[in-house]
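The following exchange is intended for a reader who meets this structure without prior acquaintance. Please keep the sequence and the 3D view at hand.

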Amino acid sequence: MAGRGWVTSEELRGEKKGRPEKKIALAIPVREIMEIIGAEKEAGVKDQLSLVKKAREYAR
């Protein structure tokens with residue numbers, strides 16, 4: 001999700017010693033993320049169906 005720019009993160013330095021904490025938040029709303037994922041899946045399915053149709057034509 002970070003590679004797609006859907007999340008943002010920042011390091012928070014606490015008063016204590018040790019590793020800094022990371023604050024992670026969504027950069028875009030969940031609804032938009034779900035729409036993007038759904039559109040990608042639909043496109044993939046359409047591609048697969050077209051390949052199956054081509055294979056059926058070759059089999060005839």
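The questions below take up the chain, its strands, its helix and its surface in turn.

This is a predicted model, in which local features need pLDDT of at least 70, side-chain atom pairs count only at pLDDT 80 or more, and totals for chains, interfaces and linings use all residues. Residues are numbered from 1 along each chain as its sequence is written, and side-chain values use heavy atoms, with hydrogens and water left out.

Reader: In what order do the elements of the chain run from the N terminus on?

Author: Helices (H or I, at least four residues) and strands (E, at least two) are DSSP runs, numbered from the N terminus. The chain has 1 helix and 2 strands. Read from the N terminus, the order is β-β-α.

Reader: What is the radius of gyration of the chain?

Author: The C-alpha trace spans about 75 × 25 × 10 Å along its principal axes. The radius of gyration is taken over C-alpha atoms, and the globule rule is 2.2 Å times the number of residues to the power 0.38. For 60 residues that rule gives 10 Å; the chain is more spread out than a compact globule because its value is well over this, at 21 Å.

Reader: What share of the 60 residues of the chain counts as buried?

Author: Buried means under 20% relative accessible area, exposed over 50%, and partly exposed in between (1.4 Å probe, protein chains only). Strand β2 (residues 21-26) lies largely in the open, since the number buried among its 6 residues is 0. Over the 60 residues of the chain, the buried share is 3%.

Reader: Which residue in β2 does V7 stand opposite?

Author: Two strands pair if DSSP finds at least two bridges between them. β1 and β2 do so in the antiparallel sense, over 6 bridges. Within β2, the residue opposite V7 is L26.

Reader: With which residue does R4 form a salt bridge?

Author: A salt bridge is a side-chain nitrogen of Lys or Arg within 4 Å of a carboxyl oxygen of Asp or Glu, and the count by this rule is 1. In the bridge formed by R4, the closest N and O atoms are 2.9 Å apart, and the partner is E40. R4 lies in the segment before β1 (7-12) and its partner in helix α1, so the pair ties together parts 36 residues apart in sequence. R4 is partly exposed at 45% relative accessibility, and 39% is the relative accessible area of the likewise partly exposed partner, E40.

Reader: Which element gives the most to the nonpolar patch?

Author: Patches are made of residues with over 30% relative accessible area and no salt bridge, like charges being joined within 9 Å and nonpolar side chains (Val, Leu, Ile, Met, Phe, Trp, Tyr) within 5 Å. The nonpolar patch, of about 470 Å², is made by M1, L26, V30, M34 and I37. M34 is exposed, with a relative accessible area of 53%. With 3 residues, the element that gives the most is helix α1 (residues 30-59).

Reader: How far apart in space are K54 and T8, C-alpha to C-alpha?

Author: K54 lies in helix α1 and is partly exposed, with a relative accessible area of 47%. In sequence, K54 and T8 are 46 residues apart; in space, C-alpha to C-alpha, their separation is 43 Å.

Notes:
Areas by Shrake-Rupley, 256 points an atom, 1.4 Å probe, with all protein chains shown as cover.
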